[in-house]
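Ready for some practice in reading a protein structure? Keep the picture open beside you and try each exercise before you look at its solution.

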Amino acid sequence: MPEGHHLHGLAGRLTRAFAGRPVAASSPQGRFADGAALLDGRVLREVSAWGKHLFAEFEADTWLNVHLGLIGRWDVDRVEGDITPWGQVRLRLRNDRYVADLRGATLCAVVTPEEVQATRARLGPDPLRPGADPERAWQKLSRSGRPVGELLADQAVVAGIGNVYRCELLFRARVDPFRPGREIRPSTWHRIWDDVVELMPLGVAASRILTMQDQVEEALAQLADTGKVDLPDHRFYVYRRTGEPCRVCGSKIRSQVMGGRNLFWCGRCQRRR
């Protein structure tokens, strides 16, 4: 499932391609024909992300709420040559320069401003949004007996963290993912929050998740020099490395299903204390 950095990057691409002008909206698949008709011809003001939700604001208090879910994707391309839709396109946005095709989304709905606010109110703070308050997440995490590895991926606790970030953040903080939230110290929580606040913008800039410290430092240097990130390889500390040696201590990386997704961790580096 796409994580928060991907949604924020996609929101930026959609805004740059369509904001400030009328947009032609259609549903080649037919399943969203009524919703597309409500959007067709309206000026799109801005597309923003909150966690894993996309909110596209159109004129006349009209909003589109999209959640990509596990298999959804929204491709943004320049209009060049044949633009006949391929596959099951739920929604197509188009102007004279760009076309954006949405496929496989879990949620695609025209909503009211009140419904937008209600959805945002159910979500935890998004580390990529200005003014996000880590104390909101801490109040839920610190009172829960659920494992911290499960809580981090709960969108009502923190919006935007998915399976990759939860595994890598907990390893970087040397926290046992099975430790109950109420046993996490405030200093540990703030260290995790500060870490994700640094890492997620790098994910937006690089269009992929970066957590290995050498890659993080290289990405920060590249951003300072060129404003872009270009790294040749893609490595993680623990994610999808079951049975491989830990990059720090050499122990075998473990895996177990938690919250419906495969959790990865190092039993030695992340020993419960």
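**Exercise 1. Find how strand S3 is joined to strand S4, and describe the turn between them.**

Solution. A word before we begin: this is a predicted model.
Step 1. Strand S4 covers residues 62–67, and six bridges join S3 to it, with the two strands running antiparallel.
Step 2. For one facing pair, look at Phe-55, which stands opposite Asn-65 in S4.
Step 3. S3 and S4 make a hairpin with three residues between the strands, and Ala-60 there takes a positive phi near 65°.

**Exercise 2. Which strand is joined to S3 by six bridges and covers residues 44–50?**

Solution.
Step 1. The strand is S2, and S2 and S3 run antiparallel.
Step 2. Here Val-47 stands opposite Ala-56 in S3.
Step 3. This hairpin has two residues between its strands, and Gly-51 in the turn shows a positive phi of about 65°.

**Exercise 3. Sort the residues of S3 by the way they point, and decide whether they are buried or exposed.**

Solution.
Step 1. Start with a general idea: side chains in a regular strand alternate between the two faces of the sheet.
Step 2. On S3, His-53, Phe-55 and Glu-57 point one way, while Leu-54, Ala-56 and Phe-58 point the other way.
Step 3. To judge burial, use the cut-off of under 20% relative accessible area. Six of the six residues of S3 (residues 53–58) are buried, so the strand is largely enclosed by the rest of the structure.
Step 4. One residue of S3 also has a charged partner: Arg-120 lies over the face of Phe-55, at 4.9 Å from the ring centre.

**Exercise 4. Work out the strand order of the open sheet of four strands, and explain why one side of S1 and of S5 has no neighbour.**

Solution.
Step 1. The order is S1-S6-S7-S5, and the pairing is antiparallel.
Step 2. S1 (24–26) and S5 (73–78) stand at the edges with a single partner strand each, so one side of each is left without a neighbour in the sheet.
Step 3. From one strand to the next, the twist averages 15°.
Step 4. Now look inside the sheet: S6 (residues 89–94) and S7 (residues 98–103) pair over five bridges in the antiparallel sense. Val-89, for instance, stands opposite Arg-103 in S7.
Step 5. Helix H1 (residues 4–18) packs on the sheet, where it touches S5, S6 and S7, and its direction makes about 35° with that of S5.

**Exercise 5. Place His-8 and decide whether it is buried or exposed.**

Solution.
Step 1. His-8 lies in helix H1.
Step 2. The relative accessible area of His-8 is 18%, so the residue counts as buried.
Step 3. Leaving aside neighbours within four places in sequence, His-8 is in contact with Ala-49, Asp-126, Leu-128, Arg-129 and Val-204.

**Exercise 6. Classify the aromatic pair of Phe-18 and Tyr-98.**

Solution.
Step 1. The structure holds six aromatic pairs.
Step 2. For this one, the ring centres are 6.5 Å apart and the planes stand at 65°. Planes over 60 degrees apart count as edge-to-face, so the pair is edge-to-face.
Step 3. Phe-18 lies in helix H1 and Tyr-98 in strand S7, so the pair ties together parts that are 80 residues apart in sequence.
Step 4. Phe-18 and Tyr-98 are both buried.
Step 5. Phe-236 and Tyr-239 are also edge-to-face, with 5.5 Å from centre to centre and 90° between the planes. Together with Phe-264 they form one aromatic cluster.

**Exercise 7. Which residues touch the most other members of the largest nonpolar core, and which helix gives the largest share?**

Solution.
Step 1. This core has 46 residues, and Leu-141, Ile-161, Trp-189 and Ile-192 touch the most other members.
Step 2. Helix H7 gives the largest share, eight residues.
Step 3. Take Ile-192 as a case: not counting residues up to four places away in sequence, Ile-192 touches Leu-152, Leu-169, Leu-170, Ala-173 and Val-175.
Step 4. Another core, of 28 residues, lies apart from the largest one, and its members include Ala-36, Leu-39, Ala-56 and Phe-58.

**Exercise 8. Find where Pro-180 lies and what it touches.**

Solution.
Step 1. Pro-180 is in the loop between H6 and H7.
Step 2. With 12% relative accessibility, Pro-180 counts as buried.
Step 3. Not counting residues up to four places away in sequence, Pro-180 touches Ser-144, Gly-145, Arg-146, Pro-147 and Arg-272.
Step 4. Pro-180 and Gly-145 are 35 residues apart in sequence, yet 4.9 Å apart in space, C-alpha to C-alpha.

How values were computed:
Residues numbered from 1 in each chain as written. Predicted model: local features only at pLDDT ≥ 70, side-chain atom pairs only at ≥ 80, totals over all residues. Heavy atoms only, no water. Pairing = 2+ DSSP bridges. Axes fitted to C-alpha atoms, helices over the stretch in contact; angles between N-to-C directions. Contact = heavy atoms within 4.5 Å. Buried < 20%, exposed > 50% of the residue type's maximum accessible area, 1.4 Å probe, protein only. Core = buried A, V, L, I, M, F, W, Y, C linked by side-chain atoms within 4.5 Å. Phe/Tyr/Trp six-rings, centres within 6.5 Å; stacked < 30°, edge-to-face > 60°. Lys NZ or Arg CZ within 6 Å of the ring centre and 35° of its normal.
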